[in-house]
Amino acid sequence: MGSSFLDVLAFGAHPDDVEIGMGGTIAKLTAAGKRVGIYDLTDADLSSNGNVELRRKEAQNAAEILGVSVRGSLGLPDRGLFLQPDYITKIVEIIRIYKPEIVFVPYHEDRHPDHGNCAHLVEEAVFSAGVKKFTTAGCQEPHRVKRVYFYMINGFHQPDFTVDISLFMDSKLSALRAYKSQFVKTNSSFETPLVNGYIENVEARERMFGQLVNVSYAEGFKTKVPLLLEQDLLGEI
Ligand SMILES: [Zn+2]
């Protein structure tokens with residue numbers, strides 16, 4: 001079966017967070033042969049539409065569309081993602097098992113507090129995962145994540161860098177449409193921003209990000225540390 005190591009591990013507070021923020025980038029990475037995983041901290045058990053079982057199924061379908069190697073959930077409580085040592089330890093175990101080089105988390109400036117809280121928990125865990133004497137019940141081998149990047153869910157912010165997803169926008173939209181319970185309005189839907197043109201808004205945002213860098217569609221990201229451009233990325237300079 002080969003190793004369980006991942007090149008990239010993206011965390012979300014809820015199933016669909018990662019697809020909204022960086023589904024195109026994930027499709028691009030997996031198409032390039034990278035091993036990518038998605039971990040949801042909760043099963044979105046409080047979401048207004050759908051239920052846990054249905055959302056797990058939708059998340060699995062979306063993961064298959066994007067070609068991810070691992071899709072998991074920690075089953076932490078929705079609206080309960082507060083800085084607790086046991087939550088951090090659980091995330092450390094996941095990081096130590098899959099040993100990703102790059103971790104993605106939601107950008108904290110977002111109307112849903114769970115998204116920022118997810119980022120805070122994972123940032124704590126990223127640090128602790130590399131601490132040799134930080135003990136966990138599972139995998140004990142320390143692992144240092146090289147970079148942590150932030151993707152945007154509800155927010156629209158000036159990105160620190162963008163990824164061209166022009167060839168992968170269709171995959172992103174397909175992955176989002178896999179979440180029928182969230183994004184498709186029916187007679188029984190509870191009124192939320194998600195069932196009122198949300199996917200169209202995400203598409204428009206990625207078009208705007210693309211416009212910033214002169215491509216059709218892009219996803220925008222934030223980073224706390226400056227990017228170091230490699231020689232082949234310097235273009236005409
Ligand atoms: Zn969410």
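Leaving aside its neighbours within four places in sequence, with which residues is His115 in contact? In this predicted model, His115 sits in helix α4, which covers residues 113-129. Beyond its sequence neighbours within four places, His115 makes contact with Ala13, His14, Asp17, Pro106, Asp110, Ile153 and Asn154. Its relative accessible area is 3%, so His115 is classed as buried, the limit being under 20%.

Two of these contact partners, His14 and Asp17, lead directly to the metal site. The zinc ion is coordinated by His14 through ND1, by Asp17 through OD and by His115 through NE2, at 2.1 Å. Along the sequence, the donor residues follow the spacing H-x2-D-x97-H. The other two donors can be placed by accessibility as well: His14 counts as buried because its relative accessibility is 6%, and Asp17 is likewise buried, with a relative accessible area of 2%.

His14 also helps to introduce the second largest pocket, whose volume is about 400 Å³. This pocket is lined by 22 residues, and those closest to its centre are His14, Ser47, His112, Gln182 and Leu194. Sorted by class, the lining of the second largest pocket is made up of 7 nonpolar, 9 polar and 6 charged residues.

Attention turns next to helix α1, which spans residues 17-31 and includes Glu19. Is this charged side chain's residue, Glu19, buried or exposed? Glu19 counts as buried, because its relative accessibility is 0%. Its surroundings, apart from neighbours within four places in sequence, consist of contacts with Ile38, Ala62, Leu66, Arg71, Lys172, Ala175, Leu176 and Tyr179.

Val52 offers another view of the fold. This residue lies in helix α2, residues 52-66, and is partly exposed, with a relative accessible area of 28%. Once neighbours within four places in sequence are set aside, Val52 is in contact with Asp43 and Asp45. The C-alpha atoms of Val52 and Ala31 are separated by 29 Å, with the two residues 21 apart along the chain.

The aromatic residues complete the picture. The count of aromatic pairs comes to 7. One of them joins Tyr39 and Tyr98 in a tilted arrangement, with 6.4 Å from centre to centre and 45° between the planes. Tyr39 belongs to strand β2 (residues 36-42) and Tyr98 to helix α3 (residues 85-98), so this pair ties together parts of the chain that are 59 residues apart in sequence. Tyr39 and Tyr98 are both buried.

A further pair, Phe161 with Phe221, is stacked, its rings lying 5.2 Å apart centre to centre with 15° between the planes. Here too, distant parts of the chain are linked: Phe161 is found in strand β6 (residues 161-164) and Phe221 in strand β7 (residues 218-223), 60 residues apart. Phe161 counts as buried because its relative accessibility is 15%, and Phe221 is buried at 0%. Ring pairs also draw Phe161 and Phe221 into a cluster with Phe104 and Tyr149.

Note on methods. Residues numbered from 1 in each chain as written. Predicted model: local features only at pLDDT ≥ 70, side-chain atom pairs only at ≥ 80, totals over all residues. Heavy atoms only, no water. Donors = N, O, S within 2.8 Å, 3.2 Å for Na, K, Ca; no water. Buried < 20%, exposed > 50% of the residue type's maximum accessible area, 1.4 Å probe, protein only. 1 Å grid on protein atoms, 1.4 Å probe; cavity = no way out; pocket = protein on both sides within 12 Å on 5 of 7 lines; lining within 4 Å. Points joined across faces, edges and corners; volume = space filled by probe spheres on them. Nonpolar A, V, L, I, M, F, W, Y, C, P; charged D, E, K, R; others polar. Helix = DSSP H or I, 4+ residues; strand = E, 2+ residues; numbered from the N terminus. Contact = heavy atoms within 4.5 Å. Phe/Tyr/Trp six-rings, centres within 6.5 Å; stacked < 30°, edge-to-face > 60°.
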